[in-house]
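Please open the model in your viewer and keep the sequence panel beside it. The stops below each begin with something to select.

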Amino acid sequence: LGLAVDVERKDGSRFLVVPVIKGADDMDFADFHARYEEVVEKARTNKLSPDDFAGATITLTNPGTLGTSASVPRLMPNQGTIVATGTIRNVGADRRMTISSTYDHRIIQGAESGLFLQRMERLLTGEDDFYADAFAAMGARPADVATAEPMPSPAEAASAPPETAGDGDTAERLKAVAAGVALVKAYRHFGHMAAHLDPLGAEPAGDPALDPAPLGLTPDLMAEVP
């Protein structure tokens, strides 16, 4: 498994290296995590050897760390596929991440790629005791792991009462302002999904994050938001 690692030089410029975790499919989560930390540290301290770059058949890249929601990753030479993960974003009350892949059609068919991504989705949503097995490999139980307070979704932020508020009308407007800010942010990130760009007139795909209804915004409230 190749890992695309973004490295920053001392002068602020950036470059990409792809070290390899060999035999990743035979590792449990603890072994994989240890090896992952090792190769990433070697990449960022410029201590990778030529052997660290050899043997990958699939690569994982994560442009989501830079805010990219979806991408079409470039296939590496002599590899079968590359998988890209996008940024985790709030859509209503849900948190979503887009996973995409580019593959060599000479050895991988479209249906196989789709089934592979489907399998990833199911594991990431907890099927087949994925997280329980990961905790067990690390010598922990889910109840032993301290979890951070989840980031509120735009809908939750909009519905949360303000710490201080005057009358009901003022509180309603404050919530509308918070929801409006969330909606503006959604349009900055995903507004292109609703743009009419097809010269043949096809309707755009749209994006659920652009819908003001889950945020509790009505036309009257939006008209009052400064």
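Helices (H or I, at least four residues) and strands (E, at least two) are DSSP runs, numbered from the N terminus, and the expected span of a helix is 1.5 Å times one less than its number of residues. This is a predicted model, in which local features need pLDDT of at least 70 and side-chain atom pairs count only at pLDDT 80 or more, while totals for chains, interfaces and linings use all residues. Residues are numbered from 1 along each chain as its sequence is written, and side-chain values use heavy atoms, with hydrogens and water left out.

Begin with the whole protein chain, which contains six helices and eight strands. Of its 226 residues, 27% are buried, where buried means under 20% relative accessible area, exposed over 50%, and partly exposed in between (1.4 Å probe, protein chains only).

Next, select helix α1, residues 29-44, whose 16 residues reach 22 Å from the first C-alpha to the last, close to the 22 Å expected at 1.5 Å a residue. Which residues of α1 are buried? They are R35, V39, V40 and A43, and because they cover an arc of only 130° around the axis (taken from the directions from the helix axis to the C-beta atoms), they lie on the same side of α1. To see what covers these buried residues, add strands β1 (2-3), β2 (5-8) and β3 (14-17), which are included in that cover.

Stay with α1 and show K42 together with D52, which form a salt bridge with their closest N and O atoms 2.8 Å apart; the term stands for a side-chain nitrogen of Lys or Arg within 4 Å of a carboxyl oxygen of Asp or Glu. K42 is in helix α1, whereas D52 is in the loop between α1 and β4 (58-61), 10 residues apart. K42 counts as partly exposed at 22% relative accessibility, while D52 is buried at 5%.

Now select D207 and R89, whose side chains meet in a salt bridge at 3.3 Å, N to O. This pair links distant parts of the chain, with D207 in the loop between α5 (168-190) and α6 (219-224) and R89 in strand β6 (residues 89-91), 118 residues apart. Are these two residues buried or exposed? Both D207 and R89 are buried.

For another pair, select R14 and D6, which meet in a salt bridge at 2.5 Å, N to O. R14 is partly exposed at 46% relative accessibility, and D6 is also partly exposed, at 30%.

How values were computed:
Contact = heavy atoms within 4.5 Å.
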